[in-house]
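Good morning, everyone. Please have a look at the structure on the screen, and then I'll walk you through it.

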Amino acid sequence: MKRRRSTTLATAVVLATGLVLTGCSTGSDDKPRLNISGAFMPEPVMDDMAAGFLTVKNDSDIADKLTSVTSEIAGQVQIHETKNQKMQEVTSFDIPANGELDLERGGNHMMFLKLKKKPKQGEKVSVELHFEKADPVKAELPVKESTHNPKKQ
């Protein structure tokens with residue numbers, strides 16, 4: 001009876017250990033590690049809309065998606081892709097694992113519509129980025145001169 005109990009106990013320990021290790025290896029509770037850099041908004045030339053640019057860097061093995069952006073300065077913020085020199089709203093942008101998403105002039109970007117006030121050079125515009133997996137991230141976009149383009153500097 002003692003030998004049978006030891007064998008049963010040993011089997012239970014092995015099974016429990018296997019379940020614990022399986023739970024740890026899936027990483028299902030892990031979230032992507034995202035950092036924002038290079039954020040800016042060119043001073044808008046129109047009173048009711050503006051564009052915003054930044055880079056989202058993913059320092060993890062978990063891919064994610066940018067699904068929306070919100071800001072108190074605008075009635076609506078859309079995310080746009082640019083293809084064949086035409087921009088159109090999209091529902092999300094992929095952020096690859098150990099990669100980055102670049103929102104830049106002439107390419108993918110944020111579009112601020114129905115501005116509640118026109119931001120001026122030297123001010124900062126607050127945004128909150130929303131993702132499929134990661135928690136929301138707040139960022140500040142410094143307002144630069146209307147022709148600002150960091151890629152050309």
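I'll go from the whole chain to a pocket, and then to a few single residues.

Let's start with confidence. This is a predicted model. The mean pLDDT of the protein chain is 85. Of its residues, 80% reach 70 or more. Now look at residues 5-28. There, pLDDT stays under 50. The model also has 0 contacts for that stretch beyond four places in sequence. Please don't read much into how that part is drawn.

Next, the overall build. How many helices and strands are there in the protein chain? The count is 1 helix and 10 strands. The order is simple to remember. From the N terminus, the helix comes at the start, and the strands follow it: α-β-β-β-β-β-β-β-β-β-β.

The chain has 153 residues, and 35% of them are buried. Its exposed surface is about 9900 Å². Carbon and sulfur atoms supply 51% of that area. What about contacts across the sequence? Take the contacts between residues at least 6 apart. Of these, 71% join residues at least 24 apart.

Now the largest pocket. It holds about 290 Å³ of space. Its lining has 18 residues. Which of them lie nearest the centre? They are Pro 42, Ala 50, Ala 51, Phe 53 and Arg 105. Two elements give two or more residues to this lining: β2, residues 49-58, and β8, residues 109-115. Strand β2 gives the most, with 4 residues. By type, the lining splits into 10 nonpolar, 5 polar and 3 charged residues.

Let's stay with β2 for a moment. Met 49 is in that strand. Is Met 49 buried, exposed or partly exposed? Its relative accessibility is 28%, so Met 49 counts as partly exposed, between the 20% and 50% cut-offs. Who are its partners? Leaving out residues up to four places away in sequence, Met 49 touches Pro 44, Met 111, Phe 112, Leu 113 and Leu 115. I'd also point you to Gly 75. Met 49 and Gly 75 are 26 residues apart in sequence, and their C-alpha atoms are 9.9 Å apart.

Over to strand β1, residues 34-42. Ala 39 sits here. Its relative accessibility is 17%, which is under 20%, so Ala 39 counts as buried. With the same sequence neighbours left out, Ala 39 touches Phe 53, Leu 54, Glu 140, Leu 141 and Pro 142. Phe 53 is worth a second look. Ala 39 and Phe 53 are 14 residues apart along the chain, yet their C-alpha atoms are separated by 5.5 Å. And remember, Phe 53 is among the residues nearest the pocket centre.

Last stop: two loop residues. Gln 85 lies in the loop between β4, residues 74-83, and β5, residues 86-89. Its phi is near 60°, a positive value, and Gln 85 is not a glycine. Is Gln 85 buried or exposed? It is exposed, because its relative accessible area of 80% is over 50%.

Then there is Asn 98. Asn 98 is in the loop between β6, residues 93-95, and β7, residues 100-103. Here, too, phi is positive, at about 50°, and the residue is not a glycine.

That's the tour. I'm happy to go back to any part of it.

Terms used. Residues numbered from 1 in each chain as written. Predicted model: local features only at pLDDT ≥ 70, side-chain atom pairs only at ≥ 80, totals over all residues. Heavy atoms only, no water. pLDDT = per-residue confidence, 0-100. Contact = heavy atoms within 4.5 Å. 1 Å grid on protein atoms, 1.4 Å probe; cavity = no way out; pocket = protein on both sides within 12 Å on 5 of 7 lines; lining within 4 Å. Points joined across faces, edges and corners; volume = space filled by probe spheres on them. Nonpolar A, V, L, I, M, F, W, Y, C, P; charged D, E, K, R; others polar. Buried < 20%, exposed > 50% of the residue type's maximum accessible area, 1.4 Å probe, protein only. Areas by Shrake-Rupley, 256 points an atom, 1.4 Å probe, with all protein chains shown as cover.
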